[in-house]
Amino acid sequence: IPVLTIHNTRDPVVPFFHEGLLASAVAASGFGDNLVQRSKNSYGHVDFTTNELATNFLDLVHWVDTGVKP
């Protein structure tokens with residue numbers, strides 16, 4: 001299924017390099033086309049504005065509805 005991740009580049013709880021590990025695992029399983037990863041150059045854990053969350057969620061919904069990857 002389509003998955004869209006967002007990650008702070010300077011997350012003190014979940015290091016940003018985990019995004020690369022996820023991408024590698026997904027690609028190795030043959031489902032790389034189902035993953036979009038986005039990052040925000042900021043410090044914090046899940047430190048996103050309501051607008052950022054809504055925009056990313058709507059991009060995911062549009063992808064699911066249309067099949068067009070954001």
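Leaving out neighbours within four places in sequence, N56 is in contact with L4, I6 and R38. This asparagine is found in helix α2, residues 50-66. N56 is buried, because its relative accessible area of 12% falls under the 20% cut-off. The model is predicted.

Now step back to the whole chain. The protein has 2 helices and 2 strands. From the N terminus on, these elements run β-α-β-α. The C-alpha trace spans about 35 × 30 × 15 Å along its principal axes. Of the 70 residues in the protein, 20% are buried. The protein exposes about 4,700 Å². Carbon and sulfur atoms supply 63% of that area. Among contacts with a separation of 6 or more, 71% join residues 24 or more positions apart.

The strands come next. Strand β1 covers residues 3-10, and strand β2 covers residues 35-43. They pair in the parallel sense, over 7 bridges. The chain passes from β1 through α1 to β2, and this β-α-β crossover is right-handed. One bridge can be picked out by residue: N8 has K40 in β2 as its bridge partner. In a regular strand, side chains alternate between the two faces of the sheet.

Then the helices. Helix α1 holds 12 residues, 17-28. Its end C-alpha atoms are 17 Å apart, which agrees with the 16 Å expected at 1.5 Å a residue. G30 follows α1 and has a positive phi, near 90°. Helix α2 has 17 residues. From its first C-alpha to its last, α2 reaches 24 Å, close to the 24 Å expected at 1.5 Å a residue. G67 follows α2, again with a positive phi, near 80°.

What links β2 to α2 through charged side chains? A search of the whole structure finds 2 salt bridges. R38 forms one of them with D59, with the closest N and O atoms 2.7 Å apart. R38 lies in strand β2 and D59 in helix α2, so this pair ties together parts that are 21 residues apart in sequence. R38 is partly exposed, at a relative accessible area of 25%. D59 also counts as partly exposed, at 25% relative accessibility. R38 is also one of the residues in contact with N56.

K40 and E52 meet in a salt bridge too, at 3.1 Å from N to O. K40 lies in strand β2 and E52 in helix α2, so the pair ties together parts that are 12 residues apart in sequence. K40 is partly exposed, with a relative accessible area of 23%. K40 is also the bridge partner of N8.

E52 deserves a second look. This glutamate is found in helix α2. E52 is partly exposed because its relative accessible area of 25% lies between the 20% and 50% cut-offs. Leaving out neighbours within four places in sequence, E52 is in contact with K40 and D47. The C-alpha atoms of E52 and I6 are separated by 9.4 Å, although the two residues are 46 residues apart along the chain. I6 also appears among the contacts of N56.

Key. Residues are numbered from 1 along each chain as its sequence is written. Side-chain values use heavy atoms; hydrogens and water are left out. Helices (H or I, at least four residues) and strands (E, at least two) are DSSP runs, numbered from the N terminus. Buried means under 20% relative accessible area, exposed over 50%, partly exposed in between (1.4 Å probe, protein chains only). Contact means heavy atoms within 4.5 Å. The expected span of a helix is 1.5 Å times one less than its number of residues. Two strands pair if DSSP finds at least two bridges between them. A crossover is right-handed if, with the strands pointing away from the viewer, the path from the first strand over the helix to the second runs clockwise. Accessible areas come from the Shrake-Rupley method with a 1.4 Å probe; for residues, only the protein chains shown count as cover. A salt bridge is a side-chain nitrogen of Lys or Arg within 4 Å of a carboxyl oxygen of Asp or Glu.
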